[in-house]
Amino acid sequence: MDRESLFNKAALAGAGIVSAFNTGPEDAWAARADVGEVAIERDQPGRPHKGKVLLAIHAHLDDIPYYCGGTCAKLIGEGYTGYLLRTSNDEKCGGGTDAENIKSNETENITMAKVLGFSDVFDFYYRNHRMNNISSQEFRSRVVFLIRMLKVDTVITFNPWGHGEENPDHWMTGRVVEEACWMSGMGNDYPEHFEAGIKPYGVKERYYFVGRPGQPFNRVVDISSYIEQKIQSIAECKSQGGGRNGSQLRARLAKEGKRLPILGNDDETADREYVRHFLIDEYAELGKQYGLKYAEPFYYIDQRRQGKSRVEQYIEENAVGK
């Protein structure tokens with residue numbers, strides 16, 4: 001992944017106002033994508049999201065840990081029940097045969113999910129780097145089913161229209177999920193679900209993470225309290241994503257009669273500390289721009305409706321008796 005200058009100021013797309021507040025239902029429209037503001041989402045005390053369901057969707061083992069691991073841990077820590085969906089089989093990512101890569105990535109994906117607090121993991125196993133060949137209709141129907149079955153309130157995934165995205169697995173996942181978020185609430189689509197007792201359920205909030213340099217964002221999430229979970233989740237990505245870089249470097253230096261004190265005295269510490277010192281700099285830099293220690297950026301869309309509609313308000317103000 002190309003993460004150099006991932007969150008440069010150009011990504012703000014003209015946003016000149018920073019709203020520093022605890023976001024929640026009372027300010028549901030404060031960070032709407034077309035307003036051009038950057039809101040800071042901070043820690044919320046207690047478990048304000050208890051009863052809500054989060055579905056984080058990525059294509060590959062290391063997408064969620066890097067792009068939004070801290071935010072997933074934060075939302076789950078604040079009460080969400082979290083589920084993770086991986087759409088590809090990751091067969092092209094690892095040091096073994098395709099079959100060996102599929103197995104190692106699957107195992108690490110489950111371990112990584114536990115680190116971030118997810119309750120369950122789903123895998124679609126589409127062919128790695130070939131997802132633009134599959135039926136988007138079939139793909140979408142599977143995501144709609146999950147959203148309805150789990151009663152998903154909030155989705156985290158790729159920006160479906162984020163420019164600079166070369167990976168077909170990424171943009172295919174993002175675009176299909178966007179369609180599914182909309183269609184899952186429709187009353188006439190996939191009626192076979194209704195016969196099985198699974199009703200329409202519309203996604204209320206979406207967090208589209210920044211996957212390439214220059215993609216826009218209108219919200220930064222303070223992940224300072226959850227940085228250890230983010231670091232550990234990246235360290236679990238050993239088939240891809242640099243999770244074994246520390247232990248490999250430690251072994252190489254040992255052969256040369258050298259050591260780096262920051263890597264500690266065992267492989268687990270070496271992998272974790274390598275992530276801390278070399279792989280999350282951009283999240284510290286972004287945080288610094290907003291007075292935070294660490295932060296993750298998102299293009300946030302809130303589709304909750306607050307207050308009365310214009311029609312109801314007009315009726316209340318103008319209706320007369322017969």
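## A tour from the second largest cavity outward

The second largest cavity holds about 50 Å³ of space. A cavity is a set of points on a 1 Å grid, over the protein atoms alone, where a 1.4 Å probe fits but cannot get out; its lining residues have an atom within 4 Å of a point. Its volume is the space filled by probe spheres set on the points, which are joined across faces, edges and corners.

This is a predicted model: local features need pLDDT of at least 70 and side-chain atom pairs 80 or more, while totals for chains, interfaces and linings use all residues. Residues are numbered from 1 along each chain as its sequence is written, and side-chain values use heavy atoms, without hydrogens or water.

**Stop 1: the cavity lining**

Select F158, N159, G162, E165 and H170. Add W171, F209, G211 and Q215 to complete the lining of the second largest cavity. How do these residues divide into nonpolar, polar and charged? There are 3 nonpolar, 5 polar and 1 charged. Asp, Glu, Lys and Arg count as charged; Ala, Val, Leu, Ile, Met, Phe, Trp, Tyr, Cys and Pro as nonpolar; the others, including Gly, as polar. Across the structure there are 2 cavities of 30 Å³ or more.

Keep F158 and F209 on screen and add Y67: these three form one aromatic cluster.

**Stop 2: helix α1**

Now colour residues 63-77, which make up helix α1. Helices (H or I, at least four residues) and strands (E, at least two) are DSSP runs numbered from the N terminus. Helix α1 has 15 residues and spans 20 Å from its first C-alpha to its last, close to the expected 21 Å. That expectation is 1.5 Å times one less than the number of residues.

Centre on G69. Here α1 bends by about 75°, the angle between axes fitted to the seven residues ending there and the seven starting there.

Show the surroundings of α1. The helix is largely enclosed by the rest of the structure, because 14 of its 15 residues are buried. Buried means under 20% relative accessible area, exposed over 50%, partly exposed in between (1.4 Å probe, protein chains only).

Pick C72, which lies in α1. It is buried, at 0% relative accessibility. Draw a line from its C-alpha to that of L84: 9.8 Å, for residues 12 apart along the chain. Then go to G79, just after α1, where phi is positive at about 120°.

**Stop 3: two non-glycine residues with positive phi**

Select D90, in the loop between β4 (81-88) and α2 (98-116). Its phi is positive, about 60°, although D90 is not a glycine. Is D90 buried or exposed? D90 is buried, with a relative accessible area of 0%.

Jump to Y190, in the loop between α4 (168-183) and α5 (191-195). Y190 is not a glycine either, yet its phi is positive at about 55°. Y190 is buried at 16% relative accessible area.

**Stop 4: aromatic pairs**

The whole structure contains 9 aromatic pairs. Rings of Phe, Tyr and Trp (its six-membered ring) pair if their centres lie within 6.5 Å; planes under 30 degrees apart are stacked, over 60 edge-to-face, the rest tilted.

Select F124 and F139. Their rings are edge-to-face, 6.1 Å centre to centre with 75° between the planes. F124 sits in strand β5 (residues 120-126) and F139 in helix α3 (residues 136-150), so the pair ties together parts 15 residues apart in sequence. F124 is buried at 9% relative accessible area. F139 is buried too, at 0%.

Next, select Y274 and F278. This pair is tilted: 5.0 Å centre to centre, with 50° between the planes. Both residues lie in helix α8 (residues 267-279), 4 residues apart, about one turn of the helix. Y274 counts as buried at 17% relative accessibility, whereas F278 is partly exposed at 42%.

**Last stop: G291**

Find G291 in the loop between α9 (281-289) and β9 (295-302). This glycine is exposed, at 68% relative accessibility. Add I40 and draw a line between the C-alpha atoms. G291 and I40 are 251 residues apart along the chain, and those atoms are separated by 9.9 Å.

Key:
On a 1 Å grid over the protein atoms alone, a cavity is a set of points where a 1.4 Å probe fits but cannot get out, and a pocket is an open set with protein on both sides within 12 Å along at least five of seven lines; lining residues have an atom within 4 Å of a point.
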